[in-house]
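Visitor: Hi, I have just opened this one and I'm new to it. Could you walk me through what I'm looking at?
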Amino acid sequence: MLSARDLHVTFPGRRGGGSARAVDGVNLDVAPGEIVALVGESGCGKTTLARTLLGLQKPTSGTVSYRGTPLSYGSKALKAYRREAQLVLQDPSGSLNPRHTVYEAVAEGLRIHGEVADERERVADALSRAGMRPPERFFLRYPHELSGGQRQRVVIAGALVLDPTLLVADEPVASLDASVRGEILALMLRLREELDLAALVVTHDLGLAWNIADRVAVMYLGRIIETGPVEKILTAPEHPYTQALLSVLPEGGEPVVLSGEPPDPSRVPGGCRFHVRCQSLASGAAEAAGVADLCRTKDLPVLDGRGTQAACHLAQARLLATSGEGGHVQ
Ligand code: SF4
């Protein structure tokens, strides 16, 4: 349904620096009814990628296609797409206008798109689908009169009121208490079942991905470095970066401490972009597999966004070895 091919988004660098490659070659597909988690540290480019997939950011190069048709920027078609693909932001108190009632907040999308017929019924229906029942009880309330979970439900209702086919949710539960997070995740799963809604969930939290996603795409320094079904990625990750992210979960075993912060996106390292922080390179595991030189000098191809893949010379050497083709890696 949604497809990104060879997507790049580059921003001018700070004074004296090169341009920042916020999205640096991404292929990604989201199928109807599928929930894909886009996971990575802050600053890895996942929010820029999400905005680009929604048509809010024009890519520097590459294409975003919806139902097989590339987005055409500045056109009526883009406005129609923006109706189909709705954004749910991370901070419910920040994304709701404190001066607008719940009714006004949910009706806003209808008014922007000039859909004035049956407004009251549609607002009530969206609130009800988002679990605010009876909806009329909440119409005249203001955000400060709601709990954090209720505010997030209002944000979701504001997206649902336009009958979208795709939600892009940026850290949808990051600002909520643990007790409420489960309710919102259950709501998103129910919406998928009832409405066949697809979702791209942007998060730094692999635990969240485990609870909600069908598929995971792990992003590092502007690129997806591992992708696959959630069970595979979270139980047997191949990429050392995914292994490090998983190790900090409560059940993740011995935490892997990555050295340093992610590099500046205007100074992407040569070779594997993760090599300056990679625990497998530092520990000698890559050397033992005969790929250490490749790690430092040879960039990896952009993953095609399908199946199960890791952009890692060591993972590829292990795959070759187990498939009986020897450990030699080109
Ligand atoms: Fe680490 Fe080498 Fe794999 Fe990069 S390619 S993640 S440096 S082992």
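Guide: Let us begin with a sheet, keeping in mind that the model is a predicted one. Four strands make up an open sheet, arranged in the order S2-S1-S4-S5, and their pairing is antiparallel.

Visitor: Which strands stand at the edges of it?
Guide: The edge strands are S2 and S5, the latter covering residues 69–70, and each has a single partner strand, so one side of each is left without a neighbour in the sheet.

Visitor: And how many bridges join S1 to S2?
Guide: Eight bridges join them, with S1 spanning residues 2–11 and the two strands running antiparallel. To pick out one pairing, Leu7 has Val26 in S2 as its bridge partner.

Visitor: Changing topic, what domains does the assignment give?
Guide: The domain assignment of the protein gives domain 1, residues 2–217, and domain 2, residues 237–322. Their C-alpha centres lie 30 Å apart, and the contact between them draws 20 residues from domain 1 and 13 residues from domain 2.

Visitor: Which elements give two or more residues to domain 1's side of that contact?
Guide: Those are strand S2, residues 20–30, and helix H8, residues 206–212. S2 gives the most, with eight residues on the side of domain 1 that touches domain 2. The residues of that side divide into six nonpolar, nine polar and five charged.

Visitor: Okay, now helices. How many residues does H7 have, and what does it reach from end to end?
Guide: Helix H7 runs over residues 178–195, which is 18 residues, and reaches 26 Å from its first C-alpha to its last, close to the 26 Å expected at 1.5 Å a residue.

Visitor: Which of its residues are buried?
Guide: The buried residues of H7 are Arg181, Ile184 and Met188. Looking down the axis of H7, these buried residues fall within an arc of 70°, so they line one face of the helix. The face turned away from that buried side carries the exposed residues Ser179, Glu193 and Glu194.

Visitor: What covers the buried ones?
Guide: The cover includes helix H6, residues 148–160, together with strand S8, residues 198–203, and H8. Just after H7, you can also find Asp196, which takes a positive phi of about 55°.

Visitor: You mentioned H6. Is Ala159 in there buried or exposed?
Guide: Ala159, which is found in helix H6, is buried, because 24 other C-beta atoms lie within 10 Å. Leaving aside neighbours within four places in sequence, Ala159 is in contact with Gln86, Val88, Pro164 and Leu167. The C-alpha atoms of Ala159 and Ala107 are separated by 9.9 Å, although the two residues are 52 residues apart along the chain.

Visitor: One more topic, strand S9. How many of its residues are buried?
Guide: S9 covers residues 215–220 and is mostly covered, with six of its six residues buried. Arg215, Ala217 and Met219 point one way from the strand, while Val216, Val218 and Tyr220 point the other way.

Visitor: What are the pairings of S9 with S3 and S10 like, parallel or antiparallel?
Guide: Strand S3, residues 35–39, runs parallel to S9 and is joined to it by four bridges, and in S9 the bridge partner of Val39 is Val218. With strand S10, residues 223–229, S9 pairs in the antiparallel sense over six bridges, and Ala217 has Thr227 in S10 as its bridge partner. The hairpin of S9 and S10 has two residues between the strands, and there Leu221 takes a positive phi near 50°.

Notes. Residues are numbered from 1 along each chain as its sequence is written. This is a predicted model: local features need pLDDT of at least 70, side-chain atom pairs count only at pLDDT 80 or more; totals for chains, interfaces and linings use all residues. Domain bounds come from an automatic or database domain assignment. Two residues are in contact if their C-beta atoms, placed from the backbone, lie within 7 Å. Ala, Val, Leu, Ile, Met, Phe, Trp, Tyr, Cys and Pro count as nonpolar, Asp, Glu, Lys and Arg as charged, and the others, Gly among them, as polar. The expected span of a helix is 1.5 Å times one less than its number of residues. A residue is buried if 20 or more other C-beta atoms lie within 10 Å of its own, exposed if 12 or fewer, and partly exposed in between; C-beta atoms are placed from the backbone. The arc is that of the directions from the helix axis to the C-beta atoms. Two strands pair if DSSP finds at least two bridges between them.
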